[in-house]
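Hi there,

Here is the structure I promised to pass on to you. Have a look at it first, and then read on for my notes.

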Amino acid sequence: MPSITEPKLISGNANRPLATAIARRMSMHRGVNVELVDARVERFNDAEIFVEVFENVRGEDMFIIQPTSNPANDNLMELLIIADALRRSSAARITAVIPYFGYARQDRRTKARTPISSKLVANLIAEAGIERVLTMDLHATQIQGFFDIPVDNLYASPVFALDVMHHFKGQMDDVMVVSPDVGGVGRARELAQRIKAPLSIVDKRRGKPGEVAEMTVIGDVTDKTCIIIDDIVDTAGTLCKAAEVLVENGAKEVHAYITHGVLSGPAVERVSNSVMKTLVITDSIEATEATKSAPNIRIVPTAPMFAQAILNTWNGTSVSSLFQNETLAPIYEGMYKGA
């Protein structure tokens, strides 16, 4: 049964521009002004986090918008403390909207005496009083099973499919989707099926962590416009190397569509100097000035999708409907006409 209260949004400091864009988009959908709940999320002199909510949230359906990106520990603690403040203020339900879920790459024990940090984070989130999680492109989908609360995992591939069909209109016969490793084949295959393109794989073998020793292209990429698809780009070393290998194997152009632009260290410089024509990322992580000014990096918005997912969660309708082009395309009206 739909709630009788309006959904209310509150944001930490991790990605205020995205939170504001989601609120603005929800205002358009609802026909009423939706604003972020007035609150302060600050640091004491010793870097302890302090949260104060200035509005009454008793009985409200609350959505905390807070990716746990760099600095991951600070942003995670902000999320937990905001949730505690809302719970102690008698909010009816608390949903964490985590566009980028930090610690997702630590989803299993790779060797003896190592943690499964993503499971620990899942426990912390549930213990803080959060009753539902809304996220996007988890690094490993089995992380949903780490939670004892409902998790809705959105996918960027439907938005990427619209973007590809718009920007490569008239060239789709030459497009080939490429997975940068064997583990990402499922993600690449989904995009390939959506845009009706063939699939190739770059098989990489590491000499030691963080260093790629050898790359082999599986599939014929000669004269193809290759689109590398992945969930996270961090230092961009592997991505740029994969683009070089594809060009060496005859690819006409190389583009990349990566959901989460972590882009740490020398990543932006590497991408700017690489053979890649474009790197397309989402705004799940707030872009740095260097990222915004990079000539071959483009950012696609996720606010339309998250706004609709929040509304669907609030009124008890399907979130998985956003995986379909027929449902998603109208939400991005004006951006991809003719796609």
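Below is what I found, going from empty space to cores, cysteines and a few single residues.

Please keep in mind that this is a predicted model.

**Cavity and pocket**

Let me start with the enclosed space. The count gives one cavity of 30 Å³ or more, and the largest cavity has a volume of about 40 Å³. Its lining is made up of Tyr100, Phe101, Ala104, Met136, Asp137, Leu138, His139, Asp231, Ile232 and His260. Sorted by class, that lining holds six nonpolar, two polar and two charged residues.

As for the open space, the second largest pocket comes to about 500 Å³ in volume. There are 27 residues in the lining of this pocket, and Ser69, Asn70, Tyr100, Val262 and Ile285 are the ones nearest its centre. Tyr100 is thus a name to look for twice, since it appears in the lining of the largest cavity and in that of the second largest pocket. Helix H7 (267–273) and strand E13 (278–282) each contribute at least two residues to the pocket lining. Its residues divide into twelve nonpolar, eleven polar and four charged.

Ser69 deserves a closer look while you are there. This serine sits in the loop between strand E4 (61–65) and helix H2 (72–88), and it counts as buried because its relative accessibility is 3%, under the 20% cut-off. Beyond its neighbours up to four places away in sequence, Ser69 touches Asn75, Tyr100 and Ile285.

**Nonpolar cores**

In soluble globular proteins, nonpolar side chains tend to be buried together. Here the largest nonpolar core has 47 residues, and Leu9, Ile22 and Leu154 have the most contacts inside it. Helix H9 (residues 303–315) gives the largest share of this core, with eight residues. A second core, separate from that one, has 35 residues, including Val53, Leu86, Ile94 and Val121.

If you want a way into the largest core, try Leu9. Setting aside residues up to four places away in sequence, Leu9 touches Ile22, Ala23, Met26, Val34, Glu35, Leu36, Val37, Phe63, Ile65 and Ile310.

**Cysteines**

How many disulfides does a search of the whole structure find? The result is zero. Cys226 is in no disulfide, and the nearest cysteine sulfur to its own belongs to Cys240, 15 Å away. That distance is too far for a bond, because a disulfide needs the two sulfur atoms within 2.5 Å. Both cysteines are buried: Cys226 has a relative accessible area of 0%, and Cys240 has one of 7%.

**Two more residues**

Cys226 also turns up among the contacts of His255. This histidine lies in strand E12 (residues 253–261) and is buried, at 6% relative accessibility. Apart from neighbours within four places in sequence, His255 is in contact with Phe168, Thr225, Cys226, Ile227, Ile228, Lys277 and Thr278.

Last on my list is Ala188, in helix H5 (residues 185–195). Is Ala188 buried or exposed? With a relative accessibility of 0%, Ala188 counts as buried. Leaving out residues up to four places away in sequence, Ala188 touches Val177, Val178, Ser179, Leu199 and Ile229. Lys111 is 77 residues from Ala188 along the chain, and the C-alpha atoms of the two are 28 Å apart.

Best wishes, and enjoy looking around!

Methods:
Residues are numbered from 1 along each chain as its sequence is written. This is a predicted model: local features need pLDDT of at least 70, side-chain atom pairs count only at pLDDT 80 or more; totals for chains, interfaces and linings use all residues. Side-chain values use heavy atoms; hydrogens and water are left out. On a 1 Å grid over the protein atoms alone, a cavity is a set of points where a 1.4 Å probe fits but cannot get out, and a pocket is an open set with protein on both sides within 12 Å along at least five of seven lines; lining residues have an atom within 4 Å of a point. Grid points are joined across faces, edges and corners, and a volume is the space filled by probe spheres set on the points. Ala, Val, Leu, Ile, Met, Phe, Trp, Tyr, Cys and Pro count as nonpolar, Asp, Glu, Lys and Arg as charged, and the others, Gly among them, as polar. Helices (H or I, at least four residues) and strands (E, at least two) are DSSP runs, numbered from the N terminus. A nonpolar core is a set of buried Ala, Val, Leu, Ile, Met, Phe, Trp, Tyr and Cys residues joined through side-chain atoms within 4.5 Å. Buried means under 20% relative accessible area, exposed over 50%, partly exposed in between (1.4 Å probe, protein chains only). Contact means heavy atoms within 4.5 Å.
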